[in-house]
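Colleague: Please take a close look at the surroundings of the ligands in the model shown below. I should also like to know which backbone details deserve inspection beside them.

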Amino acid sequence: MAPLEILEFPDPRLRTPAKAVAEVDGKLVELADRMLRSMYQAPGIGLAATQVNVHRALLVIDVSEKKDSPIVLINPEIIDDEGELETAEGCLSVPGFYEPVTRAEKVQVQAVNRDGNEFTMTAEGLLAVCIQHEMDHLQGKLFVDYLSNTKRQMIRKKLLKQQKQRA
Ligand code: QAP
Ligand code: CO
């Protein structure tokens, strides 16, 4: 199966807020699996449905070294957070750029899993950062929004130029 096409900044469709998932049906599980495959292929550690132009509250993550720990979060909500952590973040929708962003160091997340069951999990470090980054996508927010206007404009210009050369 062909990997899903990933939208790139500054594509305005990345600004679309996701709607809650009403029901975890076969179609949604299939989308989650395709997103995981596309993420592994990229390769990346996280992918939100927004990035593949599906505006539903769904994201996939695997920060493990062996790429054997997929996490699917549906309708995720952060119910508690703690501390601060600065990480050099990247994004499959902002290829080639990594910049430091400060986020909560630890989060407690409530979500629905791919079986349709609600659960809560505690995450810290890179996993916590990745969850916050991917949840931002579901609101139409990108890590470049945390950078200075100058830096964001520079990234925008370079990516637009690359995209035009490819087209
Ligand atoms: C979000 O990002 C993340 O620029 C997930 O050329 C990243 O998987 C959260 C990627 C870092 C926390 C820390 C980026 C692949 C993958 C690129 C990714 C690239 C190829 C990014
Ligand atoms: Co991203």
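Modeller: Helices and strands in this account are DSSP runs, numbered from the N terminus, with at least four residues for a helix and at least two for a strand. The model is a predicted one, and its distances and angles should be read accordingly.

I begin with ligand 1, whose space is the largest pocket. There are 18 residues around ligand 1, and those that come nearest are Gly44, Ile45, Leu92, Gly96 and Tyr98. By class, the shell around ligand 1 holds 11 nonpolar, five polar and two charged residues. Helix α2, which spans residues 126-138, gives the most to this shell, with five residues.

Several of the nearest residues also appear among the polar contacts. A polar backbone atom of Gly96 lies 2.7 Å from an oxygen atom of ligand 1. For Ile45, a polar backbone atom is 2.8 Å from a ligand 1 oxygen. With Tyr98 the side chain takes part: one of its N or O atoms is 3.4 Å from an oxygen atom of ligand 1. On its own, ligand 1 has 500 Å² of accessible area, of which the protein covers 84%.

Helix α2 returns at the metal site. The cobalt ion, ligand 2, has three protein donors, namely SG of Cys91 and the NE2 atoms of His133 and His137, at 2.0 to 2.2 Å from the ion. The spacing of these donor residues in sequence is C-x41-H-x3-H. Distant parts of the chain are thereby linked: Cys91 belongs to the loop between β4 (85-89) and β5 (99-103), whereas His133 belongs to helix α2, 42 residues apart.

Turning to the backbone, which peptide bonds are cis? One is the bond from Ala42 to Pro43, with omega near -5°; Pro43 is placed in the loop between α1 and β1 (46-48). Another is the bond from Phe9 to Pro10, where omega is near 5°, and Pro10 falls in the segment before α1 (26-41). A further point for inspection is Asn53, a residue other than glycine whose phi is positive, near 65°. Asn53 is found in the loop between β1 and β2 (58-61).

Conventions. Residues are numbered from 1 along each chain as its sequence is written. Chains are lettered from A and ligands numbered from 1 in the order in which they are written. This is a predicted model: local features need pLDDT of at least 70, side-chain atom pairs count only at pLDDT 80 or more; totals for chains, interfaces and linings use all residues. Side-chain values use heavy atoms; hydrogens and water are left out. A residue is near a molecule or strand if one of its heavy atoms lies within 4 Å of it. A polar contact is a pair of N or O atoms within 3.5 Å; within protein, one must be able to donate a hydrogen and the other to accept it, and residues adjacent in sequence count only if both atoms are side-chain atoms. Accessible areas come from the Shrake-Rupley method with a 1.4 Å probe; for residues, only the protein chains shown count as cover. On a 1 Å grid over the protein atoms alone, a cavity is a set of points where a 1.4 Å probe fits but cannot get out, and a pocket is an open set with protein on both sides within 12 Å along at least five of seven lines; lining residues have an atom within 4 Å of a point. A molecule sits in a cavity or pocket if more than half of its atoms lie within 2 Å of its grid points. Ala, Val, Leu, Ile, Met, Phe, Trp, Tyr, Cys and Pro count as nonpolar, Asp, Glu, Lys and Arg as charged, and the others, Gly among them, as polar. Donors are N, O and S atoms within 2.8 Å of the metal (3.2 Å for Na, K and Ca); water is not among the atoms, so sites may look incomplete.
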